[in-house]
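Subject: Structure handover

Hello,

Here is the structure you were waiting for. Please have it open while you read the notes underneath.

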Amino acid sequence: MISIVIPAHNEAGEIDKLLQEFSFFDSLELIVAEDASTDGTVEIVQEFASRNRNVVLTRSSTLAGKGAAIKRGLAAATGDVLGFIDADRSIHPDDFMQVVDAIHCGADLAIGSRRLPASVILQPQPLLRRILGSAYAALARALLQTTERDLQCGCKAFRRSLWDALIINCDGFAFDTELVAKAHKKGFVIAEVPITWRNKADRKVKVRRDVLQMFKCLLSVRAEIRR
């Protein structure tokens, strides 16, 4: 069984389409980790789940953050292979399943990467976001001594044994970075898989607030893995 967590805050415009796309794959458990949505996301998922037994909804009445939502979803997962994907459909389920294939081929953690030569970017992020993303990735690699190129892409799969061996503290957008850094530190086998990716306008990310939060989390993770 493969359990896929979909963190979702106000994703009424995309979540039904994403669940329909994943419904074509067998042996999947889809866990929508809803995070204080106010736009009908909950009702859409509940209606879809009433027709699909493999769809599970977890809810939060207060906005907890992407990392907190994923952790809540993973706590409800039953699969031996776990993973998560962004709800905005920037990544097609076919690409996610290629990431899962890397687990079946021996990796403990597989990362969908936008930064490999074979990766395809159909629609890039705005220039400022690309600059900030590159700067963050370079800083994270330097501070955390990782080699992976794309730490923040919302498309990852991993063995349950890896998840059980790690303690992830970040509740915000730096969740991905902490996961990769701690897996790297413990010597797990990590694979980066090229994907096709399309930027979707994201009004949920507040650059000044979230960049500061992510930097604080980087420093916290660095201190922890150096102990």
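The notes below go through the cores, the salt bridges, a pocket and a few single residues.

Please keep in mind that this is a predicted model.

**Cores**

The largest nonpolar core is made up of 33 residues. Leu109, Phe158, Trp163 and Leu179 have the most contacts inside this core. Two or more residues each come from strands S2 (28–34), S4 (81–85) and S5 (109–113), and likewise from helices H3 (66–75), H5 (127–144), H6 (160–165), H7 (175–185) and H8 (207–226). A separate core, apart from the largest one, has 32 residues, including Ile4, Phe48, Val193 and Trp197.

If you want one residue to start from in the largest core, try tryptophan 163. Leaving out residues up to four places away in sequence, tryptophan 163 touches Lys71, Leu74, Leu82, Phe158, Ile168, Phe175 and Leu179. Two of these names, Phe158 and Leu179, also appear among the residues with the most contacts inside the core.

**Salt bridges**

There are twelve salt bridges in the structure. Three of them are described here.

Lysine 200 pairs with glutamate 14, with 3.6 Å between the closest N and O atoms. Lysine 200 sits in the loop between strand S9 (196–198) and H8, while glutamate 14 sits in the loop between strand S1 (2–8) and helix H1 (15–22), so this salt bridge ties together parts that are 186 residues apart in sequence. Lysine 200 has a relative accessible area of 22% and is therefore partly exposed.

Glutamate 47 pairs with arginine 51, and here the closest N and O atoms are 2.8 Å apart. The two are four residues apart in helix H2 (residues 41–51), so about one helical turn separates them. Glutamate 47 is partly exposed, at 41% relative accessibility, whereas arginine 51 is exposed, at 51%.

Aspartate 150 and arginine 114 form another salt bridge, again with the closest N and O atoms 2.8 Å apart. Aspartate 150 is in the loop between H5 and strand S7 (155–159) and arginine 114 is in the loop between S5 and strand S6 (120–123), so the pair ties together parts 36 residues apart in sequence. Aspartate 150 and arginine 114 are both buried. Elsewhere, salt bridges with shared partners join Glu14, Glu21, Arg89 and Lys200 into one network.

**A pocket**

The second largest pocket holds about 160 Å³ of space. Its lining consists of Arg114, Arg115, Ile121, Pro124, Gln125, Arg130, Ser134 and Trp197. By type, the lining residues are three nonpolar, two polar and three charged. Arg114 in this lining is the partner of aspartate 150 in the salt bridge above, and Trp197 in the lining is one of the residues of the 32-residue core.

**Backbone angles**

Most residues other than glycine have a negative phi. Serine 27 has a positive phi, of about 55°, and is not a glycine. Serine 27 is located in the loop between H1 and S2, and its relative accessibility of 54% makes it exposed. Alanine 36, also not a glycine, has a positive phi of about 55°. Alanine 36 is in the loop between S2 and H2, but this residue is buried, with a relative accessible area of 14%.

**Two further residues**

Serine 119 lies in the loop between S5 and S6 and counts as buried, at 14% relative accessibility. Not counting neighbours within four places in sequence, serine 119 is in contact with Ser113, Arg114, Pro194 and Ile195. Serine 119 and isoleucine 70 are 49 residues apart in sequence, and their C-alpha atoms are 25 Å apart.

Aspartate 94 is in helix H4 (residues 93–104). Aspartate 94 is partly exposed, with a relative accessible area of 41%. Its C-alpha atom is separated by 11 Å from that of leucine 18, and the two residues are 76 residues apart along the chain.

Arginine 114 is a residue to look up, as it comes up in several places: in the salt bridge with aspartate 150, in the lining of the second largest pocket and in the contacts of serine 119.

Regards

Terms used: Residues numbered from 1 in each chain as written. Predicted model: local features only at pLDDT ≥ 70, side-chain atom pairs only at ≥ 80, totals over all residues. Heavy atoms only, no water. Core = buried A, V, L, I, M, F, W, Y, C linked by side-chain atoms within 4.5 Å. Buried < 20%, exposed > 50% of the residue type's maximum accessible area, 1.4 Å probe, protein only. Contact = heavy atoms within 4.5 Å. Salt bridge = Lys/Arg side-chain N within 4 Å of Asp/Glu carboxyl O. 1 Å grid on protein atoms, 1.4 Å probe; cavity = no way out; pocket = protein on both sides within 12 Å on 5 of 7 lines; lining within 4 Å. Points joined across faces, edges and corners; volume = space filled by probe spheres on them. Nonpolar A, V, L, I, M, F, W, Y, C, P; charged D, E, K, R; others polar.
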